[in-house]
Amino acid sequence: DHVIEDALAFISGQPDVDGNAVGVFGLSLGGFHGISLASRDFRVAALVNVFGAVPQTVSPTLSHMPPTLIFHGDKDRIVPIGHSRTLSARLEKLGVTHELVVYKGQGHCFNGPFLDDSIRRTTEFFAEHLTPSSSDSQPVTGDGSTGDGEIIAEE
């Protein structure tokens, strides 16, 4: 956590960076760390979480999160998809703009069109939430919405 906090401080201090609107991308264990950081540091203005979960040390006190994009494969055997669905439900209760994208048939990595789609969605999400004219009130949208903030993506 200290290394990640130091990295955020370094990035926030760069002349071409809005230090109060930094995006964080966390994959697997990095997703756990990203959630932890975003829940307590208001400089994190957008979070992309891939296969991560709310750390047990953060869960009882989780009361703040920035707009969050969550990716998970429905066949992940390393980090169960239930963790991402729990995060999505917590964000819903907090009123946080978020989206859960579940890739059907994918495990703890994305391949082919699923990888391409996740990169596209990540780029669009950060562009939307980290630009000076961005608005936190507009969720990311996509095909296949289930109506509860979860998108099922199939090839």
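These legends describe close-up views of a predicted model.

**View 1. The largest pocket and its lining**

The largest pocket holds about 380 Å³ of space. It is lined by 23 residues. Closest to the centre of the pocket are D18, A21, V22, G23 and L130. Three elements each give two or more residues to the lining: helix 1 (2-12), strand 1 (22-27) and strand 2 (44-50). Helix 1 supplies the largest share, with 4 residues. What kinds of residue make up this lining? The lining divides into 15 nonpolar, 5 polar and 3 charged residues.

**View 2. D117 and its two arginine partners in helix 4**

Side chains of opposite charge can pair when their charged atoms come close. D117 forms a salt bridge with R120, and their closest N and O atoms are 2.7 Å apart. Both residues lie in helix 4 (residues 112-129). They sit 3 residues apart, about one turn of the helix. D117 also meets R121 in a salt bridge, at 2.6 Å from N to O. D117 and R121 are 4 residues apart in helix 4, so about one helical turn separates them.

Which of these side chains are buried, and which are partly exposed? D117 has a relative accessible area of 16%, so it counts as buried, the cut-off being under 20%. R121 is buried too, at 6%. R120 has 38% relative accessibility and therefore counts as partly exposed.

**View 3. R120, E124 and the wider network**

R120 forms a salt bridge with E124 as well. Here the closest N and O atoms are 3.0 Å apart. R120 and E124 are 4 residues apart in helix 4, which means that about one helical turn separates them. E124 is partly exposed, with a relative accessible area of 41%. Where do these pairs lead? Salt bridges with shared partners join E99, D117, R120, R121 and E124 into one network. The count of salt bridges in the model comes to 6.

**View 4. Helix 3 and its buried side**

Helix 3 covers residues 81-94, which makes 14 residues. From its first C-alpha to its last, helix 3 reaches 20 Å. That is close to the 20 Å expected at 1.5 Å a residue. Which residues of helix 3 are buried? They are I81, S84, L87, S88 and L91. Why do these five share a side of helix 3? They cover an arc of only 120 degrees around the axis, so they lie on the same side of the helix.

**View 5. M65 in a loop**

M65 lies in the loop between strand 2 and strand 3 (68-73). Is M65 buried or exposed? M65 is buried, because its relative accessible area is 7%, and buried means under 20%. A46 gives a second point of reference for this view. M65 and A46 are 19 residues apart along the chain. Their C-alpha atoms are separated by 8.5 Å.

Definitions and conventions:
Residues are numbered from 1 along each chain as its sequence is written. This is a predicted model: local features need pLDDT of at least 70, side-chain atom pairs count only at pLDDT 80 or more; totals for chains, interfaces and linings use all residues. Side-chain values use heavy atoms; hydrogens and water are left out. On a 1 Å grid over the protein atoms alone, a cavity is a set of points where a 1.4 Å probe fits but cannot get out, and a pocket is an open set with protein on both sides within 12 Å along at least five of seven lines; lining residues have an atom within 4 Å of a point. Grid points are joined across faces, edges and corners, and a volume is the space filled by probe spheres set on the points. Ala, Val, Leu, Ile, Met, Phe, Trp, Tyr, Cys and Pro count as nonpolar, Asp, Glu, Lys and Arg as charged, and the others, Gly among them, as polar. A salt bridge is a side-chain nitrogen of Lys or Arg within 4 Å of a carboxyl oxygen of Asp or Glu. Buried means under 20% relative accessible area, exposed over 50%, partly exposed in between (1.4 Å probe, protein chains only). The expected span of a helix is 1.5 Å times one less than its number of residues. The arc is that of the directions from the helix axis to the C-beta atoms.
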